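Please open the model in the viewer and keep the sequence panel visible. The stops below follow one another as selections.

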Amino acid sequence: MAIDTQIGQELKRKMTCIVCPTGCQLEVEKNADGKLSIIGFQCRRGEVYAENEITDPRRVLTTTVKIRNASLPLLPVRTTEAIPKELLAKAMEILAQVEVTAPVRTGDVIVTNLLDTGIDVIASRDMKRTEDVA
Ligand code: SF4
C-alpha cells in the first residue's frame, strides 16, 4: 500500500517494496523540478521499484478465463509481463469476455497483444478435455 502526500508540485509517497520478502519501507519524494529522492531501500532493485511506482507503475495480471469442455470451469491465466496499472481494469473486462476450449497447455497464448501493449496473456496451467480426464 502507498500513502501519498501532495504539496503543490511536490509529492511524498511511503510504500512497501514488494520485490522480495524483506518488504523494505520506502519513502519517495518528488521535488517541484521532478527530481526523485528515494530512501529506505536495501538494494538497487528496491530503488528501481520505487522509481517505476512513481513514473510507470505496472503489475503482472493473474486471473481466470472461462473454459469449455474441461474438468474445471475456469482456466488460470497471466500476462507474460507486467502491464501498466491503469490498464488492469480494462484488461479484466476483456478477459471476462474470453472463453477457450480444452485442451490447453501451460504457456498457450490466450490473448495476443493485450490492449496494444505488445504483451500476451497465457495459460498458467494445463487443462485436459473432460473426456480425457481419467
Ligand atoms: S529494497 Fe531490496 S531488499 Fe528491500 S524489499 Fe526491495 S528488493 Fe528486497
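Select Ala70 first; this residue lies in the loop between S6 and S7. Strands (E, at least two residues) and helices (H or I, at least four) are DSSP runs, numbered from the N terminus. The model is a predicted one, in which local features need pLDDT of at least 70 and side-chain atom pairs count only at pLDDT 80 or more, while totals for chains, interfaces and linings use all residues. Residues are numbered from 1 along each chain as its sequence is written.

Is Ala70 buried or exposed? Ala70 is buried, because 21 other C-beta atoms lie within 10 Å. In this scheme a residue is buried if 20 or more other C-beta atoms lie within 10 Å of its own, exposed if 12 or fewer, and partly exposed in between, with C-beta atoms placed from the backbone. Add Val104 to the selection: the C-alpha atoms of Ala70 and Val104 are 9.1 Å apart, although 34 residues separate the two in sequence.

Move next to Asn69, which also lies in the loop between strand S6 (62-68) and S7. Asn69 counts as partly exposed, because it has 14 C-beta neighbours inside 10 Å. Its phi is positive, about 60 degrees, although Asn69 is not a glycine. The hairpin of S6 and S7 to which this residue belongs has 5 residues between the strands.

**The five-stranded sheet**

Now select the strands on either side of that loop. S6 and S7 pair in the antiparallel sense over 5 bridges; two strands are taken to pair if DSSP finds at least two bridges between them. Thr62 stands opposite Arg78 in S7. Arg78 also leads to the next strand, since its bridge partner in S11 is Ile122. Strand S7 (residues 74-79) and strand S11 (residues 121-123) are antiparallel, with 3 bridges.

Return to S6 and select S9 beside it. These two strands run parallel and are joined by 3 bridges. To locate the pairing, display Ile67, whose bridge partner in S9 is Val100.

What is the order of the strands in the open sheet? The 5 strands are arranged as S9-S6-S7-S11-S10, with mixed pairing. Strand S9 (99-101) and strand S10 (109-111) are the edge strands, each pairing on one side only. On average, neighbouring strands of this sheet are turned by 45 degrees against each other, direction ignored; the angles are taken between axes, which are lines fitted to C-alpha atoms, on a scale that runs from 0 to 180 degrees between N-to-C directions.

**Two loops beside the edge strand**

Select Pro103, in the loop between S9 and S10. The peptide bond that leads from Ala102 to Pro103 is cis, with omega near 5 degrees. Then select Asn113, in the loop between S10 and S11. Asn113 is exposed, because 11 other C-beta atoms lie within 10 Å. Asn113 has a positive phi near 50 degrees and is a residue other than glycine.

**A second hairpin**

Select strand S3 (residues 25-30) and strand S4 (residues 36-39), which run antiparallel and are joined by 4 bridges. Lys30 has Leu36 as its bridge partner in S4. The two strands form a hairpin with 5 residues between them, and Gly34 in the turn has a positive phi of about 90 degrees.

**The ligand and the helix**

Display the ligand and the residues around it: Cys17, Val19, Cys20, Thr22, Gly23, Cys24, Phe41, Gln42, Cys43, Arg45 and Gly46. A residue belongs to this shell if its C-beta atom, placed from the backbone, lies within 6 Å of the molecule.

Finish with helix H1 (residues 44-55). Its end C-alpha atoms are 16 Å apart, which agrees with the 16 Å that its 12 residues should span at 1.5 Å a residue; the expected span is 1.5 Å times one less than the number of residues. Which residues of H1 are buried? They are Gly46, Tyr49 and Ala50. These residues lie on the same side of H1, because they cover an arc of only 95 degrees around the axis, the arc being that of the directions from the helix axis to the C-beta atoms. Turn the helix to its other face, away from the buried side, and select the exposed residues Arg44, Asn52 and Thr55.
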